[in-house]
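Open the model in your viewer and keep the sequence panel visible. The stops below go from single residues to helices and then to the whole chain.

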Amino acid sequence: MPDVGFFSGIDLFKELPYSCLETIDRDSHTLDCSAGHRFYAAGQTGRMLFVLEKGSVRTFRIYSGKRLTIAMLRPPAIFGVVGCFGQGRYQSSAEALQASRVRMIPCESIQALLECAPHLAHRFVDLMSERFVHFLNRMETLARKGLIPRLATLLLEKAENGVVAGMTHKELADHLGLHRESITTTLGELRNAGIIAIKRKTIFILQRERLERATRE
């Protein structure tokens, strides 16, 4: 008997009939990969829907020779959705940031799944709409002229209980499509102003209101 527990624990697939889950379990397979593995590139024809089981994945686009991070994904996360619908082309690239395990579902199986459970189409639309809004917000952030507003916005997005943990200066730079040195300098300015404190890959937001004002400068 197939083990469909993995799929039933994902919001997108919750409450689907057992027969539907059984089908995607049978058709899918897992890939264990190392950091740097490229799952797909922008413009490629979609062949798979990806579900992150372990590790982390970054989706990004290249602008002026620099990588603009769109999203940093943690398990369980679904990516590559756009490649299974419409023109069937991925609009971004995706790569593993560390050793990861990813479940890969053929696009044909997704189409069959929609026939099995038509209401699932609404969940896919909601997911794609959410990703699109996130992408527009990222574009708006990049449109800001100053580096401090862009970095302040990113820190507020990534903070949990006032703490941004586990992100290197290089990762922050990749998010904004900048050089690491620029991020280091700007973080130093925020630290000298008493807005943040930094210790061992951890950024503490000391004055949230001032950091929020910085996003609008």
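**Cysteines**

Select Cys107 to begin: its relative accessibility is 9%, so Cys107 counts as buried (buried means under 20% relative accessible area, exposed over 50%, partly exposed in between, with a 1.4 Å probe and protein chains only). This is a predicted model, in which local features need pLDDT of at least 70 and side-chain atom pairs count only at pLDDT 80 or more, while totals for chains, interfaces and linings use all residues. Residues are numbered from 1 along each chain as its sequence is written, and side-chain values use heavy atoms, with hydrogens and water left out.

Go next to Cys33, which at 11% relative accessibility also counts as buried. The closest cysteine sulfur to that of Cys33 is in Cys84, 18 Å away, too far for a bond. The structure holds 0 disulfides, a disulfide being a pair of cysteine sulfur atoms within 2.5 Å.

**Helices H2 and H3**

Select residues 18-27 (helix H2) and 107-116 (helix H3): they pack at an angle of about 175 degrees with axes 10 Å apart. Helices (H or I, at least four residues) and strands (E, at least two) are DSSP runs, numbered from the N terminus. Axes are lines fitted to C-alpha atoms, for helices over the stretch in contact, and angles run from 0 to 180 degrees between N-to-C directions. H2 and H3 are therefore roughly antiparallel (angles over 145 degrees).

Show side chains here. From H2, Ser19, Cys20, Ile24 and Asp27 meet Ser109, Leu113 and Cys116 of H3, where contact means heavy atoms within 4.5 Å. The residues of this contact divide into 4 nonpolar, 2 polar and 1 charged (Ala, Val, Leu, Ile, Met, Phe, Trp, Tyr, Cys and Pro count as nonpolar, Asp, Glu, Lys and Arg as charged, and the others, Gly among them, as polar).

**Helix H7**

Move to residues 180-192, the 13 residues of helix H7. Which residues of H7 are buried? They are Ile183, Thr186, Leu187, Gly188 and Leu190. Add helix H5 (147-158), helix H6 (169-176), strand E10 (196-199), strand E11 (202-205) and helix H8 (208-214) to see what these buried residues pack against. After H7 comes Gly194, with a positive phi near 80 degrees.

**Whole chain**

Zoom out to the full protein, which has 8 helices and 11 strands. Its C-alpha atoms fill a box of roughly 60 × 30 × 30 Å along the principal axes. Of its 217 residues, 43% are buried.

How values were computed. Expected span 1.5 Å × (residues − 1). Parallel < 35°, antiparallel > 145°, perpendicular 65-115°, else oblique.
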